[in-house]
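Open the model in your viewer and keep the selection tool at hand. The tour below goes from one selection to the next and says what is there.

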Amino acid sequence: MQEPLYLALDQGGQSTRAVLFDPSGTAVARARVTVGQSTPDGIVVEQDAEELVRSLHDVIAQLMQIVGTEARMRIAAAGLATQRSSTVCWDTRTGAALSPVLSWQDRRAITLTSTYEDRAPLIAKRTGLRLSPHYGAPKMRWCLDHLPAVKAAFKAGHLAMGPLASLLAFRLLTPRALIADPANAARTLLWGRERQDWDPELLDVFGIPWETLPSCTPTCHPFGALPAGGAFVPLTILTGDQAAALYGEGVPRTDTIYINIGTGAFLQRPLERGPTDPGRLLWSPATRGAGPDLDVLEGTVNGAGAALAWGRQTLAYADLAGDCDRLLADRDPRPLFLNAVGGLGSPYWRADAPVRFEGDGTRAAKAAAIIESVVFLVQENIEALCAMAGPCAAVVVTGGLAACDGLCQALANLSGIEVRRPAEHEATARGLAFLAAGRPGDWRTGTGDIFLAAADEPLRERHARWRALMPSSIDG
């Protein structure tokens with residue numbers, strides 16, 4: 001009897017990916033469809049919901065064509081991961097989107113969010129998160145207040161609002177399912193960590209009607225059937241991209257910090273039970289119902305790949321990411337970049353902080369400063385995570401920017417901690433397959449690359465100067 005296969009679907013900011021894995025964690029086939037994103041002013045960041053739905057149908061069709069009929073019949077289960085905090089409204093009768101997808105980077109509700117400031121302590125206590133326009137509840141409230149189609153659907157009784165994952169599940173699954181998993185539901189500021197469900201008091205704070213929200217489910221659940229190449233595959237895992245990435249190399253270790261560096265950089269320290277007060281960090285549910293429950297202490301850097309994209313446009317530097325190693329190796333004097341692209345995340349928390357260079361330099365030197373600022377922001381969060389949860393033995397780095405050797409080495413040098421880069425960079429897809437396969441004990445990890453800490457006094461000196469400048473950046 002031939003071994004089963006597992007389908008991983010990863011819907012991201014720039015593309016939708018489908019990867020087929022065998023039970024040992026080896027990728028059998030891959031497909032990718034690019035998706036658009038609109039950022040007219042750096043505050044509004046949105047995507048076309050219908051395009052994202054089509055991208056999933058298209059990427060599944062591509063993958064099924066690649067693997068052929070025999071492999072299709074061996075797909076035992078599928079998992080879907082999406083961008084957490086991305087929010088959308090839709091019609092429960094037709095499934096049609098009534099709003100764009102408001103990306104996790106979107107900050108259009110920043111003024112509205114400030115009106116809830118007096119409830120920030122309650123929100124933090126109930127959710128483990130900070131009051132921020134990046135999260136779902138302020139975006140839902142903005143849609144209710146500003147979009148006529150959303151207002152009309154609510155008045156008529158057929159409005160649904162919630163995480164992007166919920167819309168995609170609603171549109172893809174048979175039978176239709178109005179559901180939200182813990183990792184995505186928690187990013188709305190409406191999911192209570194103690195209740196493990198929507199919190200009535202938080203709904204009241206933001207004025208979000210309970211009847212418009214999906215039903216909360218575990219991470220692992222018989223969600224429904226997914227069409228794939230003329231057959232139907234059971235979708236058994238629904239989660240956020242960062243939660244799935246934790247499981248890319250198997251069961252996460254509590255003595256390790258996991259960093260996924262894409263558009264943003266997300267740092268996670270697995271815990272058997274999150275702290276009552278995460279301080280300047282975040283608490284998040286990683287998984288529920290997919291083996292032992294797992295929480296994470298989390299740090300967020302909004303300006304990782306997004307900062308490099310800002311640099312490409314601002315400096316007219318076409319391949320900033322591709323030149324990462326050469327730029328970081330260049331010893332010419334470089335300025336410091338106070339990186340608030342997308343707003344400052346942890347541990348600073350300032351959604352409207354200014355973006356600026358301190359000092360001058362060549363275009364290449366400024367490009368290097370942008371990359372280096374990502375390292376500095378990540379280091380701030382590593383220190384905060386270790387202060388809260390104790391020293392860690394290693395840092396595991398995945399995601400698009402993990403391909404930059406210079407960035408990984410700089411992170412090891414600055415943190416003094418061994419940095420590991422797995423051989424398979426697509427941690428989200430691998431993590432989905434691991435969970436869909438039932439957490440197999442013989443999951444292949446591979447050797448990957450290891451970056452050991454080395455003395456780098458110039459880097460440490462620039463980090464110290466950058467850190468001293470950050471209060472002025474926060475204060476504007």
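In which strand is T300 found? Select residues 294–301: this is strand 18, and T300 is found in it. Bear in mind throughout that the model is a predicted one.

**T300 and its surroundings**

Is T300 buried or exposed? With a relative accessible area of 7%, T300 falls under the 20% cut-off, so T300 is buried. Show the residues that T300 touches, leaving out those up to four places away in sequence: R187, A265, F266, L282, G345, S346 and N381. For a residue at some distance, select T236, which is 64 residues from T300 in sequence and 28 Å from T300 in space, C-alpha to C-alpha.

**Strand 16**

Two of the residues just shown, A265 and F266, lead to the next stop. Select residues 265–271, which make up strand 16. Strand 16 runs antiparallel to strand 18, and seven bridges join the two. To find one of these places, pick P270 and look for V296 in strand 18, its bridge partner.

Why is strand 16 largely enclosed by the rest of the structure? Seven of its seven residues are buried, so the strand is largely enclosed. Colour its two faces separately: A265, L267, R269 and L271 lie on one side, with F266, Q268 and P270 on the other, and both faces are covered.

**Strand 15**

Now add residues 256–261, strand 15, which pairs with strand 16 in the antiparallel sense over four bridges. The two strands form a hairpin, with three residues between them. I261 stands opposite A265 of strand 16.

**The nonpolar cores**

From strand 15, go on to I257 and I259. Together with V378, I382 and V395, these residues have the most contacts inside the largest nonpolar core, which has 59 residues. Helix 12 gives the largest share of this core, 14 residues. Another core, of 42 residues, lies apart from it; L5, I60, A177 and I179 are among its members.

Return to V395 and show what it touches beyond four places in sequence: I257, I259, I382, I417, E418, V419 and R420.

**Helix 10**

For the last stop, select residues 305–315, helix 10, and highlight its buried residues: A306, A307, L308, G311 and L315. Add residues 363–389 to the view: this is helix 12, and what covers those buried residues includes it. Finish at A316, just after helix 10, where phi is positive, at about 55°.

Technical notes:
Residues numbered from 1 in each chain as written. Predicted model: local features only at pLDDT ≥ 70, side-chain atom pairs only at ≥ 80, totals over all residues. Heavy atoms only, no water. Buried < 20%, exposed > 50% of the residue type's maximum accessible area, 1.4 Å probe, protein only. Contact = heavy atoms within 4.5 Å. Core = buried A, V, L, I, M, F, W, Y, C linked by side-chain atoms within 4.5 Å. Pairing = 2+ DSSP bridges.
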